[in-house]
Amino acid sequence: MLEQLGSPAPDVCLIDFDQDRRGAAMLAERIRSGLPSVALFAVSSQVHPEAILEAMRCGCGEYLAKPLDREQVISAMLRIGAQRKEKVDQSRAQLVAFMGAKGGCGVTALASQMGALLAGAFSRNTLLIDLHPDFGDAALYLKLTKSRYNFFELVENIDRLDVDFLQSFLVKHSSGLDLIPASEGSITGREGLPTIALSQTLDFLSLRYEFVLADLPPSLNAENMTVIQECNQLYLITVAEVAAVRNVVRQLEYLGNHGVPRQKIKVVVNRHQKNNAITDAQIEKVVGQEIYWRIPNQYPQVVKTIYEGDPIAQLSSSEVTRSLKKWAEAIGKKTGTETKKNEGRILGLWNR
């Protein structure tokens, strides 16, 4: 019977309970056991509570009364679809993007430190991907320089992408953080990545991690825009300099014109100090929104973490790490009611 349902299995199976209720109940239990992703609808002319309860006990999620009508079936499908979508959403990673207002804002250092904190201090299954096409430094900052492949090669081989293939691209930091690095050299001459392949790769990764962090170059090219459109949160990293703040204004305007919701974008000021030439109030007035986070200016200590390749140990007692830990806690702390990710096969009616 299960083989007759075919592969892939159907999203919904309607079982008639009128001819043989015991046989229908046994069939429902067998399908539920062998194909737990299939939604079971009981169909019957009997609508008394005992009949409905019997169907529910053997695994039927909906009970449809004969004769079937269009609205009844559509309503049941919508309910099941909403439940499956919620499960998929709950099982997907939080995709978090980091992008600088300009080069030199410390984006890679913040992204790598945040990834190590989420993986180490908060035991989150976390992946960092370096999307810099020219000389990305995330691997260097984490002292993970023995990588064979880069993220762009992964996207270009989307047709081969599975769990085993992914493993050959991953390098693991001592904190537990996984990294897919950028190319060790310049690949500027390559053609742009197909945005569909990039989106499919992000979807694949999002089903295997709790957090996927993207270290983006300061650009609004098609690849970055694909990541920004897909991500749950975009952190715009700036410093208290005129050029950097001006670029934040430009970025916000461009993103707004391309449909990116303002609530998705958070402004973070790196190397912050109270006696900056440009005050927080001035920055907030110019960019039109509040500063989300301020990272203290402890440049020598941060440089030391890059040299040692251990963001947690080297900054364990610094103001920078205390600030980053609070930031990581705001997005990565597990709540008491949080459930484990669904380990079974994920089916989404509306993703077909």
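**Exercise 1.** Leaving aside neighbours within four places in sequence, which residues is I180 in contact with?

*Solution.* Keep in mind that this is a predicted model. Step one: take heavy atoms within 4.5 Å as a contact. Step two: skip anything within four places of I180 in sequence, and you're left with L127, L128, I129, D130, N150, F151, L154, L166, F169, L170 and L205.

**Exercise 2.** Place I180 in the nonpolar packing, then look for another core.

*Solution.* Start with the largest nonpolar core, which has 79 residues. I180 is among those with the most contacts inside it, along with F98, I129 and W327. Next, ask who contributes: helix 4 (residues 107-120) gives the most to this core, namely seven residues. Finally, there's a second, separate core of 18 residues, and A42, A55, C60 and Y63 are among its members.

**Exercise 3.** Work out the strand order of the three-stranded sheet and find its edges.

*Solution.* The sheet is open, its order is 1-2-3, and the pairing is parallel. Strand 1 (12-16) and strand 3 (62-65) each have a single partner strand, so they sit at the edges with one side lacking a neighbour in the sheet. From one strand to the next, the twist averages 30 degrees. Now zoom in on a pair: strand 2 (residues 39-44) joins strand 3 over four parallel bridges. For S44, the bridge partner in strand 3 is A65.

**Exercise 4.** Say which strands helix 1 and helix 2 lie across, and at what angles they run.

*Solution.* Helix 1 (residues 21-34) lies across strands 1, 2 and 3, running at about 160 degrees to strand 1. Helix 2 (residues 49-57) lies across strand 2 and strand 3, at about 140 degrees to strand 3.

Key
Residues numbered from 1 in each chain as written. Predicted model: local features only at pLDDT ≥ 70, side-chain atom pairs only at ≥ 80, totals over all residues. Heavy atoms only, no water. Core = buried A, V, L, I, M, F, W, Y, C linked by side-chain atoms within 4.5 Å. Buried < 20%, exposed > 50% of the residue type's maximum accessible area, 1.4 Å probe, protein only. Helix = DSSP H or I, 4+ residues; strand = E, 2+ residues; numbered from the N terminus. Pairing = 2+ DSSP bridges. Axes fitted to C-alpha atoms, helices over the stretch in contact; angles between N-to-C directions.
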